[in-house]
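Biologist: I would like a close look at a single part of this predicted model, taken slowly and with its surroundings included.

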Amino acid sequence: MPTPFGPEYVRAIAPYQSGKPIAEVAREFGLDEASIVKLASNENPFGVPESAKQAMLRAVADLGRYPDANGFDLKAALAARYDVPADWITLGNGSNDILEIAAHAFVQPGQAIVYAQYSFAVYALATQGLGARAIVVPAREYGHDLAAMAAAIDAETRLVFIANPNNPTGTFLPAAEIEAFLKLVPAHVVVVLDEAYNEFLTPEQQYESAAWVKQYPNLLVSRTFSKAYGLAGLRVGFGIAQPALTDLMNRIRQPFNVNSMAQAAAIAALNDTEFLAKGARNNAAGYVQFTEAFDELGLQYVPSFGNFVLVKVGDDDGAGARVNLALLKQGVIVRPVGSYGLPQWLRISIGLPQENALLIAALKQALA
């Protein structure tokens with residue numbers, strides 16, 4: 001037998017499974033693409049804001065040239081928005097890129113990364129891809145148990161991932177709990193605070209984590225334009241950290257990792273407060289629409305602070321896959337989460353009112 005290519009820790013990785021594209025479901029089940037509702041990937045149901053569309057049209061003229069590798073204009077806009085120096089910002093091809101860059105910049109093979117059970121799949125993938133050791137801390141009520149995570153940090157730990165709100169469960173950690181955790185973490189351990197869904201929090205729940213970066217040199221805040229800003233297809237995210245961290249990240253960041261269209265669109269969308277407010281209103285109303293229906297159906301769900309809801313659709317381990325298939329046949333795409341150790345559950349993104357209504361009707365038929 002020939003020697004297998006690559007290290008064992010890479011061969012052991014299960015590839016990331018994204019939400020099914022509309023075109024694939026149409027082909028597989030013989031459906032009209034226009035009739036399909038996709039509520040699988042926590043995308044913005046309003047799509048790309050008009051401000052970003054206009055910015056992209058203006059950027060088209062320069063697409064024959066490479067983008068600004070340092071993203072000067074986008075960094076300047078972000079620096080102004082978050083009140084930090086521009087060299088505290090690292091740009092990423094989506095926030096997923098920021099998470100991967102952080103893992104590679106701060107962790108060596110054999111060292112350890114701490115993250116919570118039922119947290120974003122990329123944390124495990126980044127850890128495995130390094131040949132690092134995962135310390136997976138059991139969840140508390142489907143969310144992060146910060147006290148247990150602090151206690152789990154050992155001599156080999158170099159990185160901790162925290163998602164707030166958490167994906168796929170939607171749980172939320174108040175600011176005071178996170179800051180108390182930061183005070184417990186050794187100075188040589190980097191904390192990545194992944195805030196992909198921060199914009200969906202109410203004003204009362206909002207906190208400014210960029211201010212913590214000024215106090216904690218080992219903190220990296222990760223954000224994205226893929227959710228609330230409606231730019232998922234452009235792949236643009238960013239990290240905020242002090243120069244001791246950003247310098248290392250930029251040493252291994254791929255050159256030109258954020259394209260010209262993405263940079264232009266992100267600058268325009270960043271302060272499009274009208275678009276953000278419209279999305280927040282729709283999300284709040286859709287959450288009520290979903291949870292009232294789940295209550296009516298007697299379904300357990302995890303209270304969510306993102307733009308999705310995790311709902312339990314049966315008691316047997318085949319329930320999630322079974323109900324997911326029944327929904328696909330009706331042209332509704334949601335996200336099964338068996339790969340997260342939640343085979344009885346589905347994660348359902350909040351869409352437009354009519355999309356939510358179609359999901360509810362399809363779910364009732366699937367459960368019946």
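How do the residues of the lining of the largest cavity divide into nonpolar, polar and charged?

Modeller: In this predicted model, the lining of the largest cavity divides into seven nonpolar, five polar and three charged residues. The structure holds one cavity of 30 Å³ or more, and about 110 Å³ of space lies in the largest cavity. Its lining is made up of 15 residues, and those nearest the centre are Asn-44, Pro-45, Phe-200, Gly-279 and Asn-283.

Two of these names, Phe-200 and Asn-283, lead on to Asn-307, since both appear among the residues that Asn-307 contacts beyond its neighbours within four places in sequence; the others in that list are Asn-42, Glu-43, Tyr-197, Ser-349 and Ile-350. Asn-307 itself sits in the loop between strand 9 (301-302) and strand 10 (308-312), and with a relative accessible area of 2% Asn-307 counts as buried, because the cut-off for that word is under 20%. One of its contacts can be described at the level of atoms: a polar atom of the Asn-307 side chain lies 3.0 Å from the backbone oxygen of Asn-42.

The two strands on either side of that loop belong to an open sheet of four strands, ordered 9-10-13-12 with antiparallel pairing. Strand 9 and strand 12 (335-337) stand at its edges, and each has a single partner strand, so one side of each is left without a neighbour in the sheet. Within the sheet, strand 10 is joined to strand 13 (residues 342-349) by five bridges, and among the pairs are Val-309 with Ile-348 and Val-311 with Leu-346. Ser-349, which is in contact with Asn-307, falls within the range of strand 13. Seven of the eight residues of strand 13 are buried, so this strand is largely enclosed by the rest of the structure.

Turning to the pairing with strand 12, three bridges join strand 12 to strand 13, and the two run antiparallel; here Arg-335 stands opposite Arg-347. The hairpin of strand 12 and strand 13 has four residues between the strands, and in this hairpin Gly-341 takes a positive phi near 85 degrees.

Definitions and conventions. Residues numbered from 1 in each chain as written. Predicted model: local features only at pLDDT ≥ 70, side-chain atom pairs only at ≥ 80, totals over all residues. Heavy atoms only, no water. Buried < 20%, exposed > 50% of the residue type's maximum accessible area, 1.4 Å probe, protein only. Polar contact = N/O pair within 3.5 Å; in protein donor to acceptor, adjacent residues only side chain to side chain. Contact = heavy atoms within 4.5 Å. 1 Å grid on protein atoms, 1.4 Å probe; cavity = no way out; pocket = protein on both sides within 12 Å on 5 of 7 lines; lining within 4 Å. Points joined across faces, edges and corners; volume = space filled by probe spheres on them. Nonpolar A, V, L, I, M, F, W, Y, C, P; charged D, E, K, R; others polar. Pairing = 2+ DSSP bridges.
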